Amino acid sequence: MRSINPKSSRPLRRTALLAVPLAAVLTPAPAQAAVPGSASPTCQGHGVDPAAKARHRAEILIHAPLHRIWDLHTDVEAWTSWQKPAAPMTVRRLDPGPLRKHSRFQATVQVPSVPPSTVVINSTVRQLQRGKCLRWTGPADATGYHIDGVHVWTFHPTRDGVLVRTEESHSGPQADPTSDMGLETWLSDLKTTAETGCRD
């Protein structure tokens, strides 16, 4: 979710849903092409919506232990402590315990548009394999605004670190094929946080 233009007076045309990334619902970032020559990431055989109007894929190599990256990424209520949303956002779990299949979480974003808008993103984990992959789906809704999103993450240990790959798809009236959905910033923030060891 990143890509609501807070200066736009038009109703929420560019949100990147996600299940949440904060970096996702906010300042529009320049769109970048999907990683050349690489297949779409999947989790337990499931990927993004191939028929979706908008899709974006990105990856980054992180020089940090896999367990640190995984713990940062799956502690959804702590996302706002290390991501940099451009609009006030809260994330809360809707069920107890560690993140697992069928876990649900909700992001609420206060968008300083004219008039002010509140975007609510409800996400459900569909697949999860600890330390390897994660996939969630869910809608982003506000007055006059709706997007259905699918988000997939994979984690691949290498000799130099962990290659984190992600892809997100949006369908619905406001899906924006030119948006990077906040994925580039999200990956950059994850890399910075994991490599500085701030969560050790």
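Over which residues does pLDDT stay under 50? In this predicted model, that stretch comprises residues 1-37, for which 152 contacts beyond four places in sequence are nevertheless present. Where pLDDT is low, the predicted coordinates should not be read in detail. For the protein chain, the mean pLDDT is 83, and 78% of the residues reach 70 or more.

Two packed helices are described by the angle between their axes and the distance between the axes. Helix α1, formed by residues 66-74, packs with helix α3, formed by residues 183-196, at an angle of about 130°. The axes of α1 and α3 lie 10 Å apart. The two helices are therefore oblique to each other, and the crossing of α1 and α3 is right-handed. On the α1 side, the contact is made by R68, I69, L72 and H73; α3 contributes W186, L190, T193 and A194. Classified by residue type, this contact of α1 with α3 has five nonpolar, two polar and one charged residues.

Helix α1 also holds a member of an aromatic pair. Seven aromatic pairs are found in a search of the whole structure. Among them is the pair of W70 and F155, whose ring centres are 5.3 Å apart. The planes of these two rings stand at 80°, over the 60 degrees required, so the pair is edge-to-face. Distant parts of the chain are linked by this pair, since W70 belongs to helix α1 and F155 to strand β6, which spans residues 145-158. W70 and F155 are 85 residues apart.

Technical notes
Residues numbered from 1 in each chain as written. Predicted model: local features only at pLDDT ≥ 70, side-chain atom pairs only at ≥ 80, totals over all residues. Heavy atoms only, no water. Axes fitted to C-alpha atoms, helices over the stretch in contact; angles between N-to-C directions. Helix = DSSP H or I, 4+ residues; strand = E, 2+ residues; numbered from the N terminus. Parallel < 35°, antiparallel > 145°, perpendicular 65-115°, else oblique. Left-handed = near helix turned anticlockwise from the far one by under 90°. Contact = heavy atoms within 4.5 Å. Nonpolar A, V, L, I, M, F, W, Y, C, P; charged D, E, K, R; others polar. pLDDT = per-residue confidence, 0-100. Phe/Tyr/Trp six-rings, centres within 6.5 Å; stacked < 30°, edge-to-face > 60°.
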